[in-house]
Amino acid sequence: MRTQVLVLNCGSSSIKFRLFTNQGNDLTLNIKGKIEGLNHQARFIVDTLNAPVTPLKENANHTIALSFLIDWLNKQLDNSIPLLVGHRVVHGGVHFTQPELISEEILFELKKLISLAPLHQGHNLAAIEVLRDLYPDLPQVACFDSAFHAGHGKPVDQFALPQYLYDKGIRRYGFHGLSYEFIVDELRSKAPHLTKSKCIVAHLGNGASLCALNQGQSIDSTMGFSTLDGLPMGTRCGSIDAGVILYLLQEEKLNYDQLSELLYQKSGLLGVSGLSHDMRVLEASSELAAVEAIELYVHRIVREIGALAATLEGLDGLVFTGGIGENSTIIRERVC
């Protein structure tokens, strides 16, 4: 039996999608594309068809964009909607460690985690709600970025805080798990020896993290309670002394919204360089601040690789992925 499976990765400013035909256990990619520039100058782009870029309504939001996408897919499929939709959902919390068929009860629980991943979770869930309203009987499955790291346990996941906070879910989760799971699958065919040994994967993009793998299993990760932790990123600060947060609250008099905006949207490569969050722009620049942003980025990656190698008690391979990891020979060379 042949069915259509739609996969969505719904972010803050873009929706990436792929449409597969499923027959038995085999998935065949039919259409791949994205809608970028949401809430600004949104554009619909199809990578697998010879189709022009289509502008959407000005300031089109997620609802408008998803409605447009479903209508467009219906035309491609002769008004036969996909029979299943899979969603990337960043945070599964303590309880969701496997893909879940979405119900109202599960959706309610996942909304409680929005504050743990404010850049992602709300948008991930908004896509589910929009499709539920358009097609109430359409099965939707959530796949969680945090699930790949769910087996860590203590002491990897525990902060040195009172036990009752750990019991409440204040612990290290780790993210980018769907990316790491994909990399493990790729290594099985391209470098199988690394799935039987000790390996660190560097997911370097606008979001960035490292994952220590032992025989293909996650042992530790640089991301923790939130997607702020670990490496500096495009606009996120990465690991920071908690005393800095207290200082900003007390001395700089920042409120919650100001502090959140600073840490999530005005820090990282953008904050240090004062120029851009885009590594391509920084690498092309001769400005001292751009050079220093790259130096900080590389230093922190190398330091964290050292820490994870110590946790692994050895290192047999280093794998790069993500937009920067894949495309920046400069960063790969300097890290190595």
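This is a short talk about one predicted model, going through its four-stranded sheet, two helices that lie across the sheet, some salt bridges and a pocket.

Okay, hi everyone. Please keep in mind throughout that we're looking at a predicted model.

Let's begin with the sheet. In what order do its four strands come? Reading across, the order is β11, β10, β9, β12, and the sheet is open, with mixed pairing. So β11 and β12, the latter being residues 317-321, are the edge strands: each has a single partner strand, which leaves one side of each without a neighbour in the sheet. Going from one strand to the next, the twist averages 25°.

Now let's walk through the pairs. Take β9, residues 198-204, and β10. They run antiparallel, and seven bridges join them. They also make a hairpin, with three residues between the two strands. If you want a spot to click on, try His203, which stands opposite Ser209 in β10.

Moving on to β10 and β11, where β11 is residues 217-221. How many bridges join these two? Four, and this pair runs antiparallel as well. One pairing to look at is Ala212, whose bridge partner in β11 is Asp220. Here too we get a hairpin, this one with two residues between the strands. While you're in that turn, have a look at Gln215, which has a positive phi of about 55°.

On the other side of β9 is β12. Parallel or antiparallel, for β9 and β12? Parallel, with five bridges joining them. And His203 comes back here, because it also stands opposite Thr321 in β12.

How covered are these strands? β10, which is residues 208-214, is mostly covered, with six of its seven residues buried. β12 is mostly covered too: four of its five residues are buried.

Next, the helices that lie across the sheet. Helix α5, residues 177-190, lies across β9, β10 and β12, and runs at about 130° to β9. Then there's helix α10, residues 288-312. Which strands does α10 lie across? β9, β10, β11 and β12, and α10 runs at about 20° to β10.

Let's stay on α10 for a second, since His299 has its place in that helix. His299 has a relative accessibility of 46%, so it counts as partly exposed. To get a feel for distances, compare His299 with Ile45: they are 254 residues apart in sequence, and their C-alpha atoms are 36 Å apart in space.

Right, salt bridges. A search of the whole structure finds 13 of them. I'll show you three.

The first one I picked is Lys111 with Glu129, where the N to O distance is 2.6 Å. What does that pair tie together? Lys111 is in helix α2, residues 104-111, and Glu129 is in helix α3, residues 121-134, so the pair ties together parts that are 18 residues apart in sequence. Lys111 is at 37% relative accessibility, so we call it partly exposed. These two also belong to a network of salt bridges that links Glu104, Lys111, Glu129, Arg132 and Asp133.

Next up is Lys34 with Glu36, whose side chains meet at 3.9 Å, N to O. Buried or exposed, or somewhere in between? In between: Glu36 has a relative accessible area of 24%, which makes it partly exposed, and Lys34, at 28%, counts as partly exposed too.

My last example is Asp278 with Arg280, where the closest N and O atoms are 2.8 Å apart. Arg280 is at 66% relative accessibility; the cut-off for exposed is over 50%, so Arg280 counts as exposed.

To finish, a bit of empty space. How do we find it? Rolling a probe the size of a water molecule over the atoms shows where empty space is left. I'd like to show you the second largest pocket, which holds about 600 Å³ of space. It is lined by 20 residues, and the closest to its centre are Phe225, Ser226, Leu228, Asp229 and Ile240. Which elements give two or more residues to that lining? They are α6, residues 242-250, and α7, residues 256-265. Of the elements, α7 gives the most to the lining, with four residues.

That's my tour. Thanks for listening!

Key:
Residues numbered from 1 in each chain as written. Predicted model: local features only at pLDDT ≥ 70, side-chain atom pairs only at ≥ 80, totals over all residues. Heavy atoms only, no water. Buried < 20%, exposed > 50% of the residue type's maximum accessible area, 1.4 Å probe, protein only. Pairing = 2+ DSSP bridges. Salt bridge = Lys/Arg side-chain N within 4 Å of Asp/Glu carboxyl O. Axes fitted to C-alpha atoms, helices over the stretch in contact; angles between N-to-C directions. Contact = heavy atoms within 4.5 Å. 1 Å grid on protein atoms, 1.4 Å probe; cavity = no way out; pocket = protein on both sides within 12 Å on 5 of 7 lines; lining within 4 Å. Points joined across faces, edges and corners; volume = space filled by probe spheres on them.
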